[in-house]
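Q: Could you go through some of the helix packing with me, and then a few of the odd backbone spots?

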Amino acid sequence: MNIAIVCYPTFGGSGVVATELGIALAKLNHQVHFVTYKQPVRLELLNPNIHFHEVTVPEYPLFQYQPYELALSSKLVNTIKKYDIELLHVHYAIPHAYAGYMAKKMLAAEGIHIPMLTTLHGTDITLVGNHPFYKPAVTFSINESDIVTSVSQSLKEDTLRLFDIKKNIEVVPNFIDVKIRQTTFSDCKRELMANSDERIVTHISNFRPVKRIMDIIDIFYNIQEKIPAKLLMVGDGPERNPAEQKCKKLGIKDKVIFLGNSNEIDKILCFSDLFLLPSESESFGLAALEAMVNKVPVISSNTGGIPEVNIHGVSGYLSNVGNIEEMSTNALKILQDNKILEDFKKGAYKQAMKFDINNIVPTYINLYENALATVS
Ligand code: GMT
């Protein structure tokens, strides 16, 4: 197949999933064309089946807002025609499904019929897409997609509750390449980050308010009062500065390391003992799955799709959003006992294996074949 993938290229689960899906398809000998405004962060271009087409929006003084959707839909039309692309897979409804729909219509006017598959990732539905400013356009472009998928059952239910959706939504969970993640790093430099008697607690995200970064600091504060520990904060975003200030105020500045954005997630997770994800809302929680495949148990909230990924008492523990006391107690339960930690590590890894790429990518390929059958 010859497939175009549209996604956000920055750090964030939807872009990561889109990129890893594209890489997996390319390995299966499909031609994959990424169409976005920057090379996706996890995309390595050294594969003859992977192509990257950059969308540029020329600045013009008349525009207060640069028309990215327009540039994206034009780029899609040109790319699809030039490379005989058969199918369009857009990740994140805003504005990708909308731009994809416009591209489809422009191509149809020339007698070229391209099916579009839209994957809903979470914030495009629960936070941003639901805003009255966007809702009619999001509803329309979901309904006009040929196939719609969501990354969890919970996100499917949210979409059906919040929007007037006429389409069937297929749940296709996010995935992970277990084989690649099996690497045991010979340079797993734990001693760079912590003393040998310290437990390492990690959080990775885009530090947006929805991640409840302050809860992470509070939970870690409770942990470090009881046992020697370090907290690694990986990523960047609006809550980073306030979090750094809070650590200073609480007197734990030396125990919390803010690493910024990183492409070495697996290396960081290989020396982590526990992962914290107390989010307000989370359609799936890809970061938790990445932790689990690295044998790191997860203390999380029980919101959205997280319970479909993190299993209470097996791969970690779940609590109501904001229940810092319970999350701290559960974290200590795991961290204070080597045998319990070992059991949770095994549980986390076993649960992560259910989301192996080999179990999920064939589902996408099936959906692509179904979509192609509708136009041939
Ligand atoms: O979590 C974010 O803020 C980033 C966002 C994105 O669009 O990249 O993540 C969403 O999609 C991920 C991949 O499907 C999911 O794992 C995240 O749970 C979801 N985030 C939220 O629902 C808040």
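Q: What is the handedness of the crossing of H8 and H9?
A: In this predicted model, the crossing of H8 and H9 is right-handed. The two axes come within 9 Å and cross at roughly 25 degrees, which makes H8 roughly parallel to H9, since angles under 35 degrees are counted that way.

Q: And which residues meet there?
A: From H8 there are Ile213, Met214, Ile217, Asp218 and Tyr221, and these meet Pro242, Ala243, Lys246, Cys247 and Leu250 of H9. By class, that contact has eight nonpolar residues, two charged and no polar ones.

Q: Staying with H9, which of its residues are buried?
A: In H9, which spans residues 240–250, the buried residues are Arg240, Ala243 and Cys247. Viewed down the helix axis they fall within an arc of 60 degrees, so they line one face of H9.

Q: Why would residues spaced like that point the same way?
A: An α-helix has 3.6 residues a turn, so residues three or four places apart point the same way.

Q: What do the buried ones pack against, and what is on the face turned away?
A: The buried residues of H9 pack against H8 and against strand S10, residues 256–260, while the face turned away from the buried side carries the exposed residues Asn241 and Lys249. Just after the helix, Gly251 takes a positive phi of about 75 degrees.

Q: Back to H8: how does it cross H12, oblique or parallel?
A: The axes of H8 (residues 213–226) and H12 (residues 324–335) come within 9 Å and cross at roughly 45 degrees, and H8 and H12 are therefore oblique to each other. The crossing of H8 and H12 is right-handed.

Q: Who's involved on each side?
A: On the H8 side the contact uses Asp215, Asp218, Ile219, Asn222, Ile223 and Lys226, and on the H12 side Ile324, Glu325, Met327, Ser328, Ala331, Leu332 and Leu335. Those residues divide into seven nonpolar, two polar and four charged. Asp218 of H8 appears in this contact and also in the one with H9.

Q: Different pair now: how do H11 and H13 sit relative to each other?
A: The axes of H11 (residues 286–293) and H13 (residues 338–353) come within 7 Å and cross at roughly 120 degrees, which makes H11 oblique to H13. H11 passes H13 in a left-handed crossing.

Q: What's the make-up of that contact, nonpolar or charged?
A: Leu289, Met292 and Val293 of H11 make the contact with Ala348, Tyr349, Gln351 and Ala352 of H13. Six of the residues in the contact of H11 with H13 are nonpolar, one is polar and none is charged.

Q: Okay, backbone oddities. What's the phi of Lys295?
A: Phi of Lys295 is near 65 degrees, a positive value in a residue other than glycine. Lys295 lies in the loop between H11 and strand S12, residues 298–301, and at 39% relative accessibility this lysine counts as partly exposed.

Q: And Phe207, buried or exposed?
A: Phe207 counts as buried, at 0% relative accessibility. Phe207 sits in the loop between strand S8 (199–204) and H8, and phi of this phenylalanine is near 55 degrees, again a positive value in a residue other than glycine.

Q: Which peptide bond is cis around Pro95?
A: The bond from Ile94 to Pro95 is cis, with omega near -15 degrees. Pro95 is found in the loop between strand S4 (87–91) and helix H3 (96–108).

Q: What's the general background for calling these out?
A: Most residues other than glycine have a negative phi, and most peptide bonds are trans.

Q: Last one, where is Gln66, and what is it in contact with?
A: Gln66 lies in the loop between strand S3 (50–54) and helix H2 (68–83), and at 27% relative accessibility Gln66 counts as partly exposed. Leaving aside neighbours within four places in sequence, Gln66 is in contact with Val57, Pro58, Glu59 and Tyr60.

Q: How far apart are Gln66 and Asp84?
A: Gln66 and Asp84 are 18 residues apart in sequence, and their C-alpha atoms are 28 Å apart in space.

Definitions and conventions: Residues numbered from 1 in each chain as written. Predicted model: local features only at pLDDT ≥ 70, side-chain atom pairs only at ≥ 80, totals over all residues. Heavy atoms only, no water. Axes fitted to C-alpha atoms, helices over the stretch in contact; angles between N-to-C directions. Helix = DSSP H or I, 4+ residues; strand = E, 2+ residues; numbered from the N terminus. Parallel < 35°, antiparallel > 145°, perpendicular 65-115°, else oblique. Left-handed = near helix turned anticlockwise from the far one by under 90°. Contact = heavy atoms within 4.5 Å. Nonpolar A, V, L, I, M, F, W, Y, C, P; charged D, E, K, R; others polar. Buried < 20%, exposed > 50% of the residue type's maximum accessible area, 1.4 Å probe, protein only. Arc of directions from axis to C-beta.
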